[in-house]
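Please follow the description below with the sequence and the coordinates side by side. The paragraphs move from charges over rings to ring pairs, then to a helix and finally to strands.

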Amino acid sequence: MEVVGEVVLSVSLELLFNKLASSDLWKYARQEQVHSELKKWKTKLLEIREVLDDAEDKQITKQSVKAWLGDVRDLAYDMEDILDEFSYEALRRKMIAEVDGEVSTSKVRKFIPTCCTTFTPIGCMRNVKMGSKIKDITTRLEAIYAQKAELGLDKVAAITQSTWERPLTTSLLDEPWVYGRDADKQIIIDMLLRDEPIETNVSVISIVAMGGMGKTTLARLVYDDAETTKHFNVKAWASVSDQFDAMRITKTILNSVSTSHSNSDSLDFNQIQDKLREELKGKKFLLVLDDIWNEDYNDWNCLRSPFWSGAPRSKIVITTRSKNVASMMGGDKNFYELKHLSDDDCWSVFQKHAFENRNINEHSNLALIGKEIVKKCGGLPLAATALGGLLRHEQREDKWNVILTSKIWDLRCGILPALRLSYNHLPSPLKRCFSYCAIFPKDYEFDKRELIRLWMAESLIQRSECYGQQSEIEDLGDDYFQELLSRSFFQPSSSNKSQFVMHDLINDLAKFVGGEICFSLEENLEGNQQQTISKKARLSSFIRGRYDVFKKFEAFYGMEYLRTFIALPTDASWRLYWLSNKVLEELMPKLRCLRVLSLSGYQISEIPSSVGDLKHLRYLNLSKTIVKRLPDSLGNLYNLETLILSNCWELITLPLSIENLNNLRHLDVTNTNLEEMPLRICKLKSLQVLSNFIVGKDNGLNIKELRNMPQLQGGLCISKLENVANVQDGRVASLNKKEKLEELTIKWSGGLDDSHNARNQKDVLDSLQPHFNLNKLKIEYYGGPEFPRWMGDVSFSKMVDVNLVNCRNCTSLPCLGWLPMLKHVRIEGLKEVKIVGREFYGETCLSNKPFPSLESLSFSGMSQWEDWESPSLSEPYPCLLHLEIVNCRKLIKKLPTNLPSLVRLSILGCPQWVSSLERLSSLSKLRVKDCNEAVLKSGLELPSLTELGIEKIVGLTRLHEGSMQLLSGLQVLDIDECDELTCLWENEFDGIQQLQTSSCPELVSLGEKEKHKLPSKLQSLTIRGCNNLEKLPNGLHRLTCLGELKISNCPKLVLFPEFGFPPMLRRLDIDSCEGLRCLPDWMMVMKDGSNNGSDVCLLEYLRIATCPSLIGFPEGELPTTLKEFIISDCEKLVSTGGNDAP
């Protein structure tokens, strides 16, 4: 049964009263002679509001009351639409009056449509049939009012909060406490760490239980455990949900484990799977697949293909409600059924949330009631969490008893009673905000700020005063969000900490309370079945498809009152999506009540001018489309609050009519090709977020206009600063007074020569000092000789990120060592800096440790840099984790003497750097490219090093024994483009698990002598582009861990070793070996079931490509374990042995 009641009504009516309090609206109503009708509305609505609490309670058992509430809800929506039209007309008239009062109006006035400037009230009412609409509303209102008495609805003293106030406490994103799961956690960890005899490298562990039991929480506990993290090379987490999308899941896993930053959006499924296989190759990985519903074995078989390349003892943890799913995925051997919490543990969960900020001993009466409530939670931690969060600020005993004795406990409707109770007792404003989330599919990850803007567009956030001051609506929205988060209606995403999700059962609750108001267009309907949509639906969403034809949206025809039409996800990937033009040209104009319209990600090149007829529109998202310009009619959208045009790379101009959008609060033009901005954009006094302020030339937009935008928040880029002619204008901009700015980019245009006054640029940068609340600062293409002193001011106590790019004339770095919270510094293209020294650390810092919080530091493209000095009295960078030095070709001197926390070091393109690496006790990953060989000859005492990459090292003929023996923990070795390398090492090195050599043309042997063996623990061996390699070393059969062997572009390789087959080899890939004449005998199975030289063959994947000299296969049959067999471009091959592929 759908709940109607207060979900929309109390808030909706409050919104109507707020609108009816507008003096501009009443002025317009008197002009239209409808003010007497509005007075009747207000009077009757006030009396209806008084009985809503009684109606909400009675609807649970009386269908007639539920139907009455539905009628009230629909009437409130329709009233709001009409009052919005009144407000729109009132605002339009006000704008005309303001324009008429200006000295020059011709340029502005032309963007107001002629039909509007010649407006007559009677004509307008006739055109839009406003009179009949008002009469219809009045008739319906009188009928509803009369029915109130017939239903016996009375005014009651409400216990439920009718208003909402900011909480005194703030919620944490992740709960540090979990009760009753210690034993469960240890059992799963034991399964993960246990070595078990299996035929494949990967085993599956399944956690099975009903919804709300804490499967995801348990998986997260195991995933984050220190012992688990230490045991596995890489980890990844992917939420699967009931829509099994192999492409999305694979991409999520790839993004988690990838060591590169390449974009995978343009790749097809096979390419993404291949990249994932390469990333996992030879690595022992842990993968969590959360919330799986799909029982189709073919889907699972397709998804898991890349996983086989992992190292032995890799593990996959799945969470599911279905034992059939666990069995299908092979998790029945490591099956764990999660049990309900005991009442004591459930009480601990409830108590932690309900009594978080108070002493339970002082509220013993509440504790007694609470323990009775917990008994009704059925051992479900989600239920206990939700109810504990509901009551955590409640002091009244009667309120707790209302929860305990509620009739909802006895209902059977598919929704957990505890969750319904938690929802029913939400403060009224939060109910409607939560129910709006019914448009999101299960496991949909949403952004906090994006959701708040959607709430704003639907007028779900009630303005209020805090400490006597009017709060910004964005701040109130943030408070709403945090409150729903603290009550467990939202939770942080496990795979992306910057995003949020709803638990499946919470999502069910949202759809339950949203009812027919919310509609989600499904993608996977059987056959040609068409979805039907209720005429009462107001909010809708759909999943963006690759090719969305008009037929997909036929269900929306006739939905003239629809308010939200949104393509999900709002932040589209870089795949190409197409939308039928008929949707824009025929459907959109019919949806005249839209508040929210998002068509992000579609290949839309033109927006029709009819968009200007959507009077109610408050949120418009056209990001990642290919629009070049927007119609002038955009200026008719006086109610528009959010306009998102980010990543519209083709966009070259904004319409001048944008200056009419007085209510615009968020304008995002990040990554567009805008050359300039409309001159009068500074008129938009409501702007809170302006992603880019483009300074104009001559009489164009002046930087000093920023003074009129004191409320700017979030991120701001100020670009084309070469157009600032008067330094004083920069000071007038008053950036130091913009307290809510978190990120600031200060940018000159690239490609400027030194004819632009460098001193002027220094003064301009000096004048743009931001407020001390700034978190991130980026400066690009600055041409001044030095940085201003304000950059290193210790008062920037919140600064965490500094990025300096192509500041071509600076000879020294700014003093950043004083900044207490600075975590990330990137310095690129500062070509005139020769020494990094005390000016970087700050002299007054010498008695302390400079850069006390710095975690990542990157230098690149510093062509004159020679020396990196360390302060004599202190040791900087105590927390530095990642250090990167790229293309600093004159750098000679060594790194700072002690970097105790450094775990990743990359030195690329520094040919004169010869200093040894020392005192790097925590270093686990090292990459050296285009450097002097001396770096690798001595001083490599790095006991924690597990991964070493060597590339383009001139003079390197082999890895020296002295250095390699010091790398006792090395597991992964990658050698690439070392032209003089003839063998890998003088003596064998036994610890390596993954070995790859690429493009080493002089390599003839992996070991200097024939007796030298490959590392006994080797799991993966890849050899590419080694033109002189003639043979592999003997003893491959002794490599009991080798699971993958890949050889490509080795034209002189003729034969494989004569001895046996690596017993655990599962993948053999041979490509472009022109000289290879025959394959090894040991890969075939004799008719008696034996191998040539080996007792067993587990080969699953065999690929042979572009081997023109290959004549035939050895005697015998291909192994029965083979699952995939590929042969291509082997023109002389006439036989595959005694049998074809199984």
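In this predicted model, Lys44 lies over the face of Tyr145, at 5.3 Å from the centre of the ring. A second placement of this kind involves Arg544, which lies over the face of Tyr602 at 5.8 Å from the ring centre.

Rings also meet other rings, and the count of aromatic pairs comes to 38. One of them is formed by Phe446 and Phe490, whose rings are 5.2 Å apart from centre to centre, with 70° between the planes, an edge-to-face arrangement. Because Phe446 belongs to the loop between α22 (428-436) and α23 (448-457), while Phe490 belongs to the loop between α24 (473-486) and β8 (491-492), this pair ties together parts that are 44 residues apart in sequence. Both Phe446 and Phe490 are buried, and ring pairs link the two of them with Phe440, Tyr444, Trp455, Phe481 and Phe500 into a cluster.

Another pair brings together Tyr841 and Phe851, and how do the planes of their rings stand to each other? The planes are at 75° and the ring centres 6.2 Å apart; since planes over 60 degrees apart count as edge-to-face, the pair of Tyr841 and Phe851 is edge-to-face. Tyr841 lies in helix α29 (residues 838-841) and Phe851 in the loop between α29 and β27 (856-860), so that this pair ties together parts that are 10 residues apart in sequence. Buried means under 20% relative accessible area, and therefore Tyr841, with a relative accessible area of 1%, is buried, as is Phe851, whose relative accessibility is 0%.

Helix α17 can be examined first by its length and then by its covered side. For the 12 residues of α17 (residues 343-354), a rise of 1.5 Å a residue leads to an expected span of 16 Å, and the C-alpha atoms at the ends of the helix are 16 Å apart, which agrees. Which residues of α17 are buried? They are Cys346, Trp347, Val349, Phe350, His353 and Ala354. Seen down the axis of α17, these buried residues fall within an arc of 160°, so they line one face of the helix. The buried residues of α17 pack against α18 (364-375), α19 (381-390) and α20 (397-405).

Turning to the strands, an open sheet of eight strands runs in the order β10-β11-β13-β15-β16-β17-β18-β19, with parallel pairing. Its edge strands are β10 (518-521) and β19 (689-690), each of which pairs on one side only. Within this order, strand β16 (residues 619-621) and strand β17 (residues 642-644) run parallel and are joined by three bridges, and Leu620 stands opposite Leu643 in β17.

Strand β21 (residues 714-719) has pairing partners of its own. Strand β20 (residues 692-694) runs parallel to β21 and is joined to it by three bridges, with Ser719 in β21 as the bridge partner of Ile694. Strand β22 (residues 741-747) also pairs with β21 in the parallel sense, over five bridges, and here Gly714 stands opposite Leu741 in β22. In a regular strand the side chains alternate between the two faces of the sheet. As for its surroundings, β21 is mostly covered, in that five of its six residues are buried.

Terms used. Residues are numbered from 1 along each chain as its sequence is written. This is a predicted model: local features need pLDDT of at least 70, side-chain atom pairs count only at pLDDT 80 or more; totals for chains, interfaces and linings use all residues. Side-chain values use heavy atoms; hydrogens and water are left out. Helices (H or I, at least four residues) and strands (E, at least two) are DSSP runs, numbered from the N terminus. The expected span of a helix is 1.5 Å times one less than its number of residues. Buried means under 20% relative accessible area, exposed over 50%, partly exposed in between (1.4 Å probe, protein chains only). The arc is that of the directions from the helix axis to the C-beta atoms. Contact means heavy atoms within 4.5 Å. Rings of Phe, Tyr and Trp (its six-membered ring) pair if their centres lie within 6.5 Å; planes under 30 degrees apart count as stacked, over 60 as edge-to-face and the rest as tilted. A charge sits over a ring if NZ of Lys or CZ of Arg is within 6 Å of the ring centre and within 35 degrees of the ring normal. Two strands pair if DSSP finds at least two bridges between them.
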